[in-house]
Amino acid sequence: MATAGKVIKCRAAVAWEPTAPLMMEEIEVAPSQEGEIQIKVVATGVCHTDLYHLFEGKDKCGFPSVLGHEGAGVVESVGPGVTDFKPGDKAIPLFLSQCGECKFCKCPKTNLCDRNNRTIFHIIFHPLTVINQIAVAKIDDDAPLDRVCLLGCSISTGYGAAVNTAGVIPGSVCAVFGLGAVGLAAVMGCKNAGASHIFAVDINEQIFEKAKIFGATDFLNPKAYNKPISEVLSEMTSGGVDFSLECVGNTEVMRTALESCVKVWGVCVLVGWTNVKDISARPIQLISGKTWKRSLFGGFKSKDSLTKLVLKARTLLQNWLIDYMTGKIKLDEFITHKMSLEQVNNAVNLMKTGQWNIFSLTSFCRIL
């Protein structure tokens with residue numbers, strides 16, 4: 001395309017310092033280098049991890065920065081050595097790379113990649129980004145970008161935590177703590193895995209009706225009880241749930257989720273992102289047979305699994321234009337708002353008040 005090998009100027013939402021509003025600035029995007037892909041971002045979701053970096057992470061070294069890691073777009077140009085992508089391909093940037101060559105990529109026990117020894121976070125709160133090809137998934141040409149962008153983080157993370165990491169089985173009893181996009185995706189995963197009861201736990205009761213759409217059967221607000229919610233769950237389930245998933249990123253909730261599991265075979269999965277406080281639990285919780293697991297990106301091998309997941313979602317969503325009704329994997333139901341890039345601070349505020357949203361990037365780039 002016309003941008004190949006050229007520096008591009010475009011508008012971006014820049015975080016200059018922690019807790020401060022994002023500022024719309026003009027930035028320069030370098031052309032694709034060896035092994036890199038330049039992607040024109042069409043849509044991106046606002047993920048709580050972006051808010052974590054902005055408000056909770058307390059790492060001043062990460063500023064100034066352009067946030068965003070849950071997007072989808074069209075390949076604008078490719079650098080030397082790129083063979084799997086061409087201009088015009090639809091693609092989803094991945095915060096987990098998959099080089100296919102390191103010991104982790106070759107191991108079926110993990111979805112991590114040792115290529116860079118670190119997680120890759122992309123900057124896509126602007127219309128153009130350059131990413132290494134090992135951190136991009138090619139998707140079907142018919143995939144709706146303003147929906148499938150959510151597969152870049154929240155839906156894959158929550159859904160996979162239930163079906164891959166926890167290994168929810170038919171007839172089991174589950175509890176999901178936190179009903180943001182990740183939590184609702186976990187509920188959907190539990191339902192599709194055949195769980196008989198799914199407890200949706202959140203202090204925001206307004207989200208319970210939404211959780212019911214994804215398959216939740218019971219609803220609990222911890223503030224409505226004068227005892228720990230783990231005790232409430234234990235009483236309601238004759239000893240605790242088979243599987244619990246913590247989708248908040250709060251260390252106290254992580255402990256509660258573990259304590260809510262039945263002893264001997266209960267499995268608790270930590271899904272919410274945090275690195276601020278230490279986590280603790282009484283050893284007897286684990287000695288008694290409970291299992292504590294972690295899940296990153298739902299346990300999916302990023303490039304391979306996401307491409308397959310998009311194809312599966314597209315097949316099941318083929319009637320969404322008619323009646324917005326979907327099948328096994330839901331996408332439309334996650335979307336609450338659509339906004340322009342210039343409204344990014346409104347989107348952030350909605351997320352802070354307990355809502356999540358997706359907004360289309362409508363800014364234009366110009367060639368230098």
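Which backbone nitrogen does a side-chain oxygen of Asn250 reach at the start of α7? The backbone nitrogen is that of Glu252, and the oxygen of Asn250 comes to within 2.9 Å of it. The model is a predicted one, in which local features need pLDDT of at least 70 and side-chain atom pairs count only at pLDDT 80 or more, while totals for chains, interfaces and linings use all residues. Residues are numbered from 1 along each chain as its sequence is written, and side-chain values use heavy atoms, with hydrogens and water left out.

The overall picture comes first. The protein holds 11 helices and 16 strands, where helices (H or I, at least four residues) and strands (E, at least two) are DSSP runs numbered from the N terminus. Of its 368 residues, 54% are buried; buried means under 20% relative accessible area, exposed means over 50%, and partly exposed lies in between, with a 1.4 Å probe and protein chains only. Among contacts (heavy atoms within 4.5 Å) with a separation of 6 or more, 68% are between residues 24 or more positions apart.

Helix α7 (251-259), where the passage opened, has Thr251, Met254, Ala257 and Leu258 as buried residues. These four lie on the same side of α7, because they cover an arc of only 110° around the axis; the arc is that of the directions from the helix axis to the C-beta atoms. The cover over the buried residues of α7 includes β9, β12, β13, α8 (283-287) and β14 (291-294).

A similar question can be put to α6 (residues 229-236), in which Ile229, Ser230, Val232 and Leu233 are buried. Viewed down the axis of α6, the buried residues fall within an arc of 160°, so they line one face of the helix. As general background, an α-helix has 3.6 residues a turn, so residues three or four places apart point the same way. The packing partners of the buried residues of α6 are β9, β10, β11 (218-220) and α7. After α6 comes Ser238, with a positive phi near 60°.

Helix α3 (154-166) is mostly covered, with 11 of its 13 residues buried. Among them are Ser154, Ile155, Tyr159, Gly160 and Ala166. Gly160 is also the centre of a kink of about 45° in α3, the bend at a residue being the angle between axes fitted to the seven residues ending there and the seven starting there. Just after this helix, Gly167 takes a positive phi of about 70°.

Attention now turns to the nonpolar interior. A nonpolar core is a set of buried Ala, Val, Leu, Ile, Met, Phe, Trp, Tyr and Cys residues joined through side-chain atoms within 4.5 Å. The largest such core has 55 residues, and those touching the most other members are Val148, Val168, Val176, Leu179, Cys190, Leu245 and Phe334. Elements that each supply at least two residues of this core include α2, α3, β9 (173-177), β10 (197-201), β12 (243-246) and β13 (267-270). Helix α4 gives the largest share of the core, 8 residues.

Charged side chains complete the description. A salt bridge is a side-chain nitrogen of Lys or Arg within 4 Å of a carboxyl oxygen of Asp or Glu, and by this rule the count comes to 9. One of them joins Glu26 to Lys9, with the closest N and O atoms 3.7 Å apart. This pair links distant parts of the chain, with Glu26 in strand β2 (residues 23-29) and Lys9 in strand β1 (residues 8-15), 17 residues apart. Glu26 is partly exposed, at a relative accessible area of 41%.

Arg147 takes part in two salt bridges described here: with Asp146 at 2.5 Å, N to O, and with Asp332 at 3.2 Å, N to O. The latter pair spans 185 residues, with Asp332 in the loop between α10 and α11 and Arg147 in helix α2 (residues 145-148). Salt bridges with shared partners join Asp146, Arg147, Asp332 and Lys338 into one network. Within this network, Arg147 is buried at a relative accessible area of 7%, Asp332 counts as buried at 10%, and Asp146 counts as buried at 18%.

Conventions: Polar contact = N/O pair within 3.5 Å; in protein donor to acceptor, adjacent residues only side chain to side chain.
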